[in-house]
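Reader: I'm new here; could you walk me through what this structure shows?

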Amino acid sequence: MKPFRYLSNVWNYDFRGVGEGANARYWMAIGVVPCLLSGILVAIAGPLDGPANLLLGAARGEVELFGHSFNEGQLHILAYLGVAFFASLMIGVSLHAFFVLAKRPGRESWHGMYWANYLTHYVDFLMTAVVFLFAGTILRFIFASDQSRYEQGEGFFNGAVGGAGSRIDHAMPRLYEIPFPFSVLMTVGVLGLSYYLMHRLFHTSRLFWLLAHRAHHVPTVLHPVNVGPVAIFGFLFAALPQTLVIASLSGLFPSPMTATVSLVYFTLHGASDVLSHNSATYAMVYRSRILRGTTHFFSTGVYHYMHHSSKPDEQMVNLDAYGPFMIWDRLFGTYRPPTETPPVVGLSNSPEVRLNPFLIAFGGFQQIVYELRMNRSMATRAKILFGSVGYKPPISYDYLIVGYAETPENAQAEED
Ligand SMILES: [Zn+2]
Ligand SMILES: [Zn+2]
């Protein structure tokens, strides 16, 4: 059964130690490729995904931007300028972080960790693409007779969500046209709250944690391309409900300014987000009043970095990623101010993991399947699927985590 053995080798290949020693130079050279690609990829799928894509789609006819009237064509040009700005920023910040972090002393297996986590996006991307192509085909089938303008929406991936949202917005009765500042507050508020609640669910439900979010917390050094905006099925689990809620609201309570201002908001939010997953810029952002203030406003940067802390009691802090000013964490009591020394980041208690993109992406999926097969009791099976992250069934196997180093804190955690 040779093909299976090859497949199994690829599936279990551990990137640890890759790029060390004689080949280091070669790995430094190819390591810049993801940084360059990151800009191109965000230009294609980044700032126009989910809510922003929907809002662009919802911007039908004339839209006012700071007192000037823009038509849809001009709005698109503005949107593409935003994308170009975002893409070049992403490339610049990624390259800077790559060279700083690759040379930082004390790192363990930088190249292995960088590549394993980076390639996880592609594994996830392919999987999500398959799901969305499938969903897109169904949507196209359902809406085939509808001659609305955002038809390309159902075709692919993020367009599927944008297209569905746009149609809901379109189909909603217009209840009340609310004044512009309130509509923006409402859009941002609803987005922030829905994201907060989804993110909280990702960290409390073991199913959501294992399938959709654990991969995002694996890296032990944060770089903009190895912990990117793509998390396993995150798009499906988070962007879809969010987009649908916002689409319904923007349909019920329309305002001509919402779309434009939200586009500007999401572009600036996205720009500040390049400082969120970045171990190279933590100290600089922490010290700079302007950068820290900006990331505080958007709930990104060092504020989000705290959320990646590997201290078990900091699992549930700073879940808000849209703001303003970490408002939902402050309201729900999960706010933690950033510390001067950056926290140690990664999974809780810093376990040793298998550095392999398939296992990072699907290890949780394999674990759930294994547990369902091996634990025969229906009550146990229900807990496997609907239990909290703290639950561990009698028979279980972790495909990603190899073990924990013996430290006093870990010994304590074991006793609890
Ligand atoms: Zn999280
Ligand atoms: Zn994050």
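Author: Happily! This is a predicted model, where local features need pLDDT of at least 70, side-chain atom pairs count only at pLDDT 80 or more, and totals for chains, interfaces and linings use all residues. Residues are numbered from 1 along each chain as its sequence is written, while chains are lettered from A and ligands numbered from 1 in the order in which they are written.

Reader: How many helices and strands are in the protein chain?

Author: Both are DSSP runs numbered from the N terminus: helices are H or I with at least four residues, strands E with at least two. On that basis, the protein chain has four strands and 17 helices.

Reader: At roughly what angle do the axes of α7 and α8 cross?

Author: Axes are lines fitted to C-alpha atoms, for helices over the stretch in contact, and angles run from 0 to 180 degrees between N-to-C directions. Helix α7 covers residues 180-204 and helix α8 residues 206-213. Their axes come within 5 Å, and the crossing angle is roughly 100°.

Reader: Is S299 buried or exposed?

Author: S299 sits in the loop between α12 (289-298) and α13. A residue is buried if 20 or more other C-beta atoms, placed from the backbone, lie within 10 Å of its own, exposed if 12 or fewer, and partly exposed in between. Because S299 has 29 such neighbours within 10 Å, it is buried.

Reader: Which residue does a cis peptide bond join to G323?

Author: Most peptide bonds are trans. Here omega is about 0°. The partner belongs to the loop between α13 (301-307) and α14 (327-332), and it is P324.
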